[in-house]
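Open the model in your viewer and show the whole chain. This tour goes from the outside in, then stops at a few points in the backbone.

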Amino acid sequence: MPNEITVSQCIIQFLEFKGIQSIAGVPGGTILPLYECLAASNIKHVLARHEQGAGFIAQGMARSSGNVGVVFVSSGPGVANLITAIADADRDSIPLLIFSGQVPLSLKGTDAFQELDTESIVKTLVKKVYFIEDPNRIPMVLNEAYDLALEGKKGPVWIDLPKDIQTKLISVPDLSCAHQESIGSINPIIQWYPDGDHNQTQTLENFCFEFTHLVKNSKFPLLYVGGGARKQCKQLREFVKRTQIPAVTTLMGLGIFEKDDPMNLGMMGMHGTIAANEALGLCDLLIAMGVRFDDRAIGNKDTFCPNANIIHIDITANEIGKIKQPDLSLQIDISVLLPYLLEDKLIDEITKAGCKNEESFSQIEKWKQIPEIHPAKDLILSLATTIENHDHFILTDVGQHQMWVAQYYPFSKPSQWITSGGQGTMGFGLPASIGVSLANPNAPVYCFTGDGSIMMNLQELATLREQNLNVKIILLNNRHLGLVKQQQDLFYGNVYSGSEFHFHPNFSMLSESFGISYLLWEKDQNNEMLESLFNSEGPAIVEINIPSDWGVYPFVPGGKSNQEYILDLVNT
């Protein structure tokens, strides 16, 4: 057995050791040594048609599995093309490990062919970027980078590899002695602001005492949960059931509570439910878990929850107090905290206090009775009844279709729902669906998209067909950039500058050119054909033509409070 291996061999052996089964990428000259070693591996390479597509494919694998997604790209334009997908992963806390080729060390800084200063460009978009000059550092870097991607608030980590470094020989590392030391083990940091102008560090037990005190003295507490709480959905459902504290969720928190749970007031924010947004204005205690008080969720920060004390629990200290100053806070993984909050003694104290405000709940029921009359609701629910398999995944691109799915689809669990949240990246859906299907080959994958979004990464239809994955694309075609047009309807005097497509592709012929099954479907028509297509193996596209004047409502205009929503449809 050799005593030395190349850096490229070391990387591939490390990824094999970590159980990586698929890597998305696009090769180029500066990363070919790594690709040469990949060819001898059992790891599957998925050749994307664009580096942004590769990044979203890796995201799909990571988002649906919880494991690290891996991307290989070359230098220069390969790096530049990947940036959008990495920015998206960073904002939504998706663990990725990116390996980029770089010009040889001797050419670094000479403006060589396809050279970019990758480290300077990407450092604000990742948890850490490593530029490898000493080949002997690579075993340590691999272990540290992999752990860092998964540690605390997850995210992407980037390793930039000069071409000559990839072929350097190093001693064979002992992979069984992988980096064990936790990079950022989170010790609970509890801050209490009883007078609003000072704080004191306390124990976890004291936090629970103060937590209970605030809840007991509240007439209308409200739970506000987001994407950071997705993995604890069972415990959160139990907490809400036992305490009878109602809950609102962000876009990324959909599915944490079952849609028909009476304590689930639905999605909050710009396109949130009336009950959720009105409850935020009514509550006197807001318990925020795994959220960052995003502007699309809270609206005007100065008028958000004007009557409420705030408890903020998050895994990242930087998020606490960044937007809204809490009265009580805790930096911790909520999986560590929830067992304390579910202890019988604490629950008994809360329930015996009778914090449930009958008047408030009566008002909530009235808000819930306001009818959601929208043709998109009937359309989404009709499609949902055709999707019978409960182990499926629902993805969206970004736009009106995304909000309609978020508002109306009956998600049964949070892992079922995958979308681009913080960056809101059009073109996300198709390549991310490929990644989800690769990581979950037995699960049907449904991707809702629009005629604007699908064109952003249309080239990945070739990757989808090449992999022959069970991905069904549901294309809602209104011949416009719908959300842009809607804002032009509402705020810009119906001046449709740049929002209408004057040329419309023939998606039937397009599907045929890629060898993908196609169906033009209308609600309540061809249901048998739709079911047959959904139940078939391999990729398919279902096109649904919809009017361009369908808006997304409720709509909270930017800068307004969540209670200043627009309900009426706009006639165009």
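Start with the surface. This is a predicted model. Its exposed area is about 23800 Å², and carbon and sulfur atoms supply 48% of that.

Now colour the charges. There are 41 positive and 64 negative ones. Their mean positions lie 2 Å apart.

Switch to a cartoon view. You will find 21 helices and 22 strands. Turn the protein along its principal axes: the C-alpha atoms fill a box of roughly 75 × 60 × 40 Å. How does the radius of gyration fit a compact globule? For 572 residues, such a globule would have a value near 25 Å; the protein has 25 Å, so the two agree.

Colour by burial next. Of the 572 residues, 56% count as buried. Then look at which parts of the chain meet. Take the contacts between residues at least 6 apart in sequence: 73% of them join residues at least 24 apart.

**Into the cores**

Select Phe211, Leu223, Tyr224 and Leu286. They belong to the largest nonpolar core, which has 61 residues, and they touch the most other members. Which helix gives the most to this core? Select residues 204–216: that is helix α8, and it contributes six residues.

Stay on Phe211 and show what surrounds its side chain and backbone. Beyond its neighbours within four places in sequence, Phe211 is in contact with Phe239, Ile287 and Ile311. Leu328, Leu341 and Ile350 complete that set of contacts.

Now select Met61, Leu430, Ala443 and Leu475. These are among the 48 residues of a second, separate core.

**Along the backbone**

Go to Ser93. This residue sits in the loop between α4 (77–91) and β5 (96–102). Check its phi: the angle is positive, about 60 degrees, although Ser93 is not a glycine.

Move on to Asn468. Look in the loop that links α18 (460–467) and β20 (471–477). Here too phi is positive, near 55 degrees, in a residue other than glycine. Is Asn468 buried, partly exposed or exposed? Its relative accessibility is 44%, so Asn468 counts as partly exposed. The partly exposed range runs between the 20% and 50% cut-offs.

For the last stop, select Tyr553 and Pro554. Pro554 lies in the segment after β22 (540–545). Is the peptide bond from Tyr553 to Pro554 cis or trans? Read omega in the viewer: the angle is near 0 degrees, and the bond is cis.

Terms used
Residues are numbered from 1 along each chain as its sequence is written. This is a predicted model: local features need pLDDT of at least 70, side-chain atom pairs count only at pLDDT 80 or more; totals for chains, interfaces and linings use all residues. Side-chain values use heavy atoms; hydrogens and water are left out. Helices (H or I, at least four residues) and strands (E, at least two) are DSSP runs, numbered from the N terminus. The radius of gyration is taken over C-alpha atoms; the globule rule is 2.2 Å times the number of residues to the power 0.38. Buried means under 20% relative accessible area, exposed over 50%, partly exposed in between (1.4 Å probe, protein chains only). Contact means heavy atoms within 4.5 Å. Accessible areas come from the Shrake-Rupley method with a 1.4 Å probe; for residues, only the protein chains shown count as cover. Lys and Arg count as positive and Asp and Glu as negative; His and the chain ends are not counted. The place of a charge is taken as NZ of Lys, CZ of Arg, CG of Asp or CD of Glu. A nonpolar core is a set of buried Ala, Val, Leu, Ile, Met, Phe, Trp, Tyr and Cys residues joined through side-chain atoms within 4.5 Å.
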